[in-house]
Amino acid sequence: MIQVYCKNTGTTRSFREGTTLLDMLPEFPFERPYPIVSARVNNVSQGLKFKVYNSRTVEYVDATNPSGMRVYIRSLCFLLCKSAKDVFRGSRIYIEHPISHGYYCEFVKADGSAVTREDVDRIKARMRSLVEKNQPFHRFEAPTEQVIDIMHKAGAEDKVKLLETSGQVYMDYYSLGKTKDYYYGRLVPSTGYLTNWDLILYHGGMLLLGPNKHNPTLLAPYHDQPKTFRMFSENIKWNEIMGLNTVGDLNKSLLDGNGSDLIQIAEALQEKKIVQIAEEINKRYHGRNKVRLVLITGPSSSGKTTVSKRLAVQLKACGLRPLTFSTDDYFVDREKTPLLPDGTPDFDNFDTVDHKALESDLLKILRGEEVEVPEFNFVTGKREYKGRKYKLEAGNVVVLEGIHALNPKLTARISDKIKYRIFISTLTGIPLDDHNCIPTSDNRLLRRIVRDYNKGAFTARQTISQWPKVRAAEDKWIYPYQENADVMFNSAYLVEFAVLRNHAEPILASVPKNCPEYAEAHRLLKFIHYFVPVPDNEIPPTSLLREFVGGSSFKY
């Protein structure tokens with residue numbers, strides 16, 4: 001017999017060796033407002049069919065937990081892919097990226113005709129049929145060469161490339177009926193678990209919507225994001241031109257010795273976009289509405305600071321003289337910082353910024369008055385004035401960077417006609433394979449882990465523990481305004497994960513196995529191992545990546 005301690009109940013029960021987590025669940029009665037979809041065993045995510053052979057600690061999770069939601073969405077993607085294949089023989093489906101609180105899927109029919117609403121309805125009907133039948137998902141573990149052969153026979157060359165470059169001895173794959181597929185994490189036990197979802201026609205493809213992350217009995221709220229979609233499409237277009245549609249393609253290219261070229265291309269594409277933005281600002285500066293205020297925002301670790309600095313350089317090259325500062329300079333004194341419900345400081349709250357003082361100073365500067373701009377001392381927690389004075393003269397444009405820069409309340413008394421708004425995000429445009437897209441937040445979390453550790457600010461464990469609060473603040477204070485932007489800048493870097501791997505691997509490995517944060521550290525470690533590592537010696541000092549891995553020529 002083995003002893004299993006359940007965190008949900010704080011109790012221990014005895015079971016026979018090989019008992020599944022699903023069979024154990026009835027022995028641990030606890031309040032379950034939503035269905036249990038997966039569990040953590042010794043702080044590692046596992047499916048409910050996982051068999052336990054030794055004494056372990058178990059924590060059951062539902063879809064309100066990010067780990068549980070990933071299991072649900074992964075399973076939903078398999079359901080969609082099988083259903084599309086069943087209904088349209090010879091078709092291919094590509095789950096490309098998250099958007100509009102769902103997942104954009106390109107669907108290519110065998111005859112090449114456009115996707116219609118009737119096509120989507122037929123696929124939805126097949127998905128519902130499989131849910132009603134409650135068909136089981138089966139997991140198999142086999143030598144990687146055998147899994148590669150299975151994927152090759154299934155015509156999944158995208159997965160073949162990924163697995164060939166994984167360096168793993170054994171891999172697992174899944175089946176649903178006669179359909180075999182590869183997914184990089186666990187699935188729910190059967191299709192009957194997948195009761196809450198929708199599939200709609202979206203921008204010539206399909207949008208797969210899953211449950212609301214706060215209440216899985218509700219559907220995720222749909223919001224069209226045409227500007228964000230165009231940014232994704234632009235990124236995917238460049239990947240296709242270079243023949244790099246998936247991580248398997250990228251790995252093959254890196255192994256062929258193309259790392260230096262790919263770094264130079266990635267840098268050139270970002271610089272080209274920054275130049276285009278600077279030229280547009282210059283054009284509008286001399287145009288009818290005479291842009292005078294550039295507002296730059298983006299979520300945590302999106303690279304706002306470096307983009308702001310590189311934009312300032314390009315604006316100077318256009319003949320403009322930017323006056324740059326940050327909303328952080330107008331933080332209220334630390335003791336006045338709003339608090340979260342748990343009593344900790346809410347540094348992302350709009351009221352953390354003295355927005356009245358900031359708007360007043362902006363209005364004065366834009367009227368041509370000389371204004372002394374403060375600097376926030378993060379050591380003392382107070383605003384300080386050190387003689388930095390700004391006065392708007394010919395050729396000057398004000399550049400304001402910060403997480404609240406696009407919030408209309410921040411500059412409500414300033415005419416929109418003289419504003420140019422930039423939203424910076426990190427939209428990973430390359431999926432692992434055709435059916436496994438990469439969460440866009442993973443880019444930023446890995447960046448933040450590496451930067452925090454290198455600066456001695458936080459350990460990986462501390463950064464991971466803070467991340468849910470960071471994400472919640474972004475959903476509340478930043479993302480609602482992204483579609484208000486005049487332009488969007490994608491700071492994701494084609495070879496970013498390959499570069500970050502060397503930095504992040506030892507940092508993530510330092511997270512103790514006996515803490516809750518190990519679950520996320522373990523997931524991220526597994527994830528970055530899909531990428532062939534690339535040294536950062538060819539990353540230039542002005543690169544956006546240098547803000548996170550160190551060695552930047554910019555002062556922060």
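**Close-up 1. The surroundings of helix α7 in a predicted model.** The elements that cover the buried residues of α7 include α5 (157–164), α8 (259–285) and α13 (496–509), where helices are DSSP runs of H or I with at least four residues, strands are runs of E with at least two, and both are numbered from the N terminus. Helix α7 (residues 247–255) is mostly covered, since seven of its nine residues are buried; buried means under 20% relative accessible area, exposed over 50%, and partly exposed in between, with a 1.4 Å probe and protein chains only. The buried residues of α7 are Val247, Gly248, Asp249, Leu250, Asn251, Ser253 and Leu254. Just after this helix, Gly257 takes a positive phi of about 90°. The model is predicted, with local features needing pLDDT of at least 70 and side-chain atom pairs counting only at pLDDT 80 or more, while totals for chains, interfaces and linings use all residues. Residues are numbered from 1 along each chain as its sequence is written, and side-chain values use heavy atoms, with hydrogens and water left out.

**Close-up 2. Aromatic pairs between separate parts of the chain.** The structure holds 22 aromatic pairs, in which rings of Phe, Tyr and Trp (its six-membered ring) have centres within 6.5 Å, and planes under 30 degrees apart count as stacked, over 60 as edge-to-face and the rest as tilted. The ring centres of Phe78 and Tyr183 are 5.2 Å apart and their planes meet at 35°, so this pair is tilted. It links distant parts of the chain, because Phe78 belongs to helix α2 (residues 66–87) and Tyr183 to the loop between β12 (179–181) and β13 (198–202), 105 residues apart. Both Phe78 and Tyr183 are buried. Phe350 and Trp477 form a stacked pair, at 6.5 Å centre to centre and with 25° between the planes. Phe350 lies in the loop between β16 (321–326) and α10 (355–366) and Trp477 in helix α12 (residues 460–477), so this pair ties together parts that are 127 residues apart in sequence. Phe350 and Trp477 are buried as well.

**Close-up 3. An open sheet of four strands and the helix across it.** The strands of this open sheet follow the order β8-β9-β14-β13, with antiparallel pairing; two strands pair if DSSP finds at least two bridges between them. The edge strands, each pairing on one side only, are β8 (92–99) and β13. Within the sheet, four bridges join β9 (residues 102–108) to β14 (residues 205–209), and Cys105 stands opposite Met206 in β14. Helix α3 lies across β9, β13 and β14 and runs at about 165° to β13, where axes are lines fitted to C-alpha atoms, for helices over the stretch in contact, and angles run from 0 to 180 degrees between N-to-C directions.

**Close-up 4. The buried residue Asp119.** Asp119 is found in helix α3 (residues 117–133) and is buried, with a relative accessible area of 8%. A polar atom of its side chain lies 3.0 Å from the backbone nitrogen of Thr116. Leaving aside neighbours within four places in sequence, Asp119 is in contact (heavy atoms within 4.5 Å) with Phe88, Lys109 and Ala114.

**Close-up 5. The buried residue Ser425.** Ser425 lies in strand β22 (residues 419–425) and counts as buried at 4% relative accessibility. Not counting residues up to four places away in sequence, Ser425 touches residues including Met231, Pro299 and Phe489.

Key:
A polar contact is a pair of N or O atoms within 3.5 Å; within protein, one must be able to donate a hydrogen and the other to accept it, and residues adjacent in sequence count only if both atoms are side-chain atoms.
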